[in-house]
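User: I am new to this structure and would like a close look at a single part of it. Please choose one element, follow it residue by residue where you can, and then place it within the rest of the chain.

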Amino acid sequence: MHATQLSIKPPKTEWSPLATIGSMACFGAFLGTIKPPNSRLALFALCATVFFSCASISIHNDTQRKIKKHLLYVSVLFLFYALSTLIHNKNKPPWVTGLDGEPTTLFCLATTDSIHQTQKIGPMSEFDYKDGFTYFTSEATPNRHRSQPLDTAEIKIVCGGTINIQKGDLIKCTGWLKNYPKTTQPTTLFVSRPRAIQIQTKAGWSLIKKIKTAIRKRTLSNLSEEKKTLAGALFFGVHGSNWSDVYPKFKKSGMSHILAISGMHVSIMVLFATALLSVIVKTKPPKTLFVLLFLFFIFQIVEQKPPITRALIMI
């Protein structure tokens, strides 16, 4: 008799689409946590999620079912990347607590343009000799050469006097650091005068920044200083040089919320764009894509503050 060798073969198993969706969700969430939160990347990821989802839904042909699945997988990847980027909060590094209340020198990358705020408020404002102050936000670190890299922290820099800082400038600041651990107030570096801030590398002018500057300048031209401040706050969320004179009037009348760009402004823009595109474009996916591109354009020319970012994400 011939001995027969028995072999046990495992049953054939197919990779489930749900497993692919779970893998893409985990990978997207991982990508969102390896970098500091970035509202611009999160908005781009949400726009990509809507685009790929609409493309997947618009496919009805059974022969293209594989492409439909792949588009769905990509949309899940972008969705969880955006959610992870928005939820992930980077803790403040230890050096912030160690330098709290101490004079220090920080090396910063400006993340916003500087805003000058005057202190002339009230009936005696015309006799106020104070020059006001300038503030902006930045990513800061106390380590200059970064031979032993330290984590950066987002801080607010308040400087007495007037200084012109643009987003992307590399600067060296000397002042007093103040941390507010139990409040929502950001960590602040108080600089006594503009000479304590040295601009080491000036930021280059990108195409988006040139377009944003040209649109703002064109819109606000031929206006008086007070009207320019009011229009800048209404259309772009920018606080001009006369903000301290304009804002108290609206605050006293209970209408200060009009000067803040919020969900109401975004909803009006979306309704206007949707109504205009309904006449030109009949199909839904291209119309949705054009509305998202329009919102992305609006997001670039206005000040990217939390209310406008939250409103765009909710839409």
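Analyst: A good place to begin is T288, which lies in helix α9, where helices (H or I, at least four residues) and strands (E, at least two) are DSSP runs numbered from the N terminus. This is a predicted model, in which local features need pLDDT of at least 70 and side-chain atom pairs count only at pLDDT 80 or more, whereas totals for chains, interfaces and linings use all residues. Residues are numbered from 1 along each chain as its sequence is written, and side-chain values use heavy atoms, with hydrogens and water left out.

Helix α9 covers residues 284–301. It has 18 residues and spans 26 Å from its first C-alpha to its last, close to the 26 Å expected, the expected span being 1.5 Å times one less than the number of residues.

T288 itself has a relative accessibility of 23% and therefore counts as partly exposed; buried means under 20% relative accessible area, exposed means over 50%, and partly exposed is in between, with a 1.4 Å probe and protein chains only. Leaving aside residues up to four places away in sequence, T288 touches V50 and C54, a contact being heavy atoms within 4.5 Å. T288 and T274 are 14 residues apart in sequence, and their C-alpha atoms are 8.3 Å apart in space.

Further along the helix, the buried residues of α9 are V291, L292, L295, I298, F299, Q300 and I301. It helps here to recall a general point about such helices. An α-helix has 3.6 residues a turn, so residues three or four places apart point the same way.

L293, also found in helix α9, is not among those buried residues, because its relative accessible area of 49% makes it partly exposed. L293 belongs to a nonpolar patch on the surface together with F51, L289 and F290, and these residues have about 350 Å² of accessible area together. Accessible areas come from the Shrake-Rupley method with a 1.4 Å probe, and for residues only the protein chains shown count as cover. A patch is made of residues with over 30% relative accessible area and no salt bridge, like charges being joined within 9 Å and nonpolar side chains (Val, Leu, Ile, Met, Phe, Trp, Tyr) within 5 Å; a salt bridge is a side-chain nitrogen of Lys or Arg within 4 Å of a carboxyl oxygen of Asp or Glu. Helix α9 gives the patch its largest share, 3 residues.

To set this helix in its surroundings, the secondary structure of the chain comes to 10 helices and 7 strands, and 32% of the 315 residues count as buried. Among contacts between residues at least 6 apart in sequence, 68% join residues at least 24 apart. The chain exposes about 20,500 Å², of which carbon and sulfur atoms supply 64%.

A few residues elsewhere give a comparison. A311 lies in helix α10, residues 306–314, and counts as buried because its relative accessibility is 12%. Beyond residues up to four places away in sequence, A311 touches S262, G263 and V266, while its C-alpha is 8.4 Å from that of S267, 44 residues away in sequence. In helix α3, residues 65–87, one finds H70, which is partly exposed at 43% relative accessibility; the C-alpha atoms of H70 and T20 are separated by 9.7 Å, although their positions lie 50 residues apart along the chain when counted as a sequence distance.

Among the strands, β1 (residues 103–110) holds T104, which is buried at 10% relative accessibility. T104 touches L99, C173, T174, G175, L177 and L189, again not counting residues up to four places away in sequence.

Finally, the structure holds 0 disulfides, a disulfide being a pair of cysteine sulfur atoms within 2.5 Å. The sulfur of C159 is 8.1 Å from the closest cysteine sulfur, in C173, and this is too far for a bond. C159 is buried at 0% relative accessibility, whereas C26 is exposed, with a relative accessible area of 56%.
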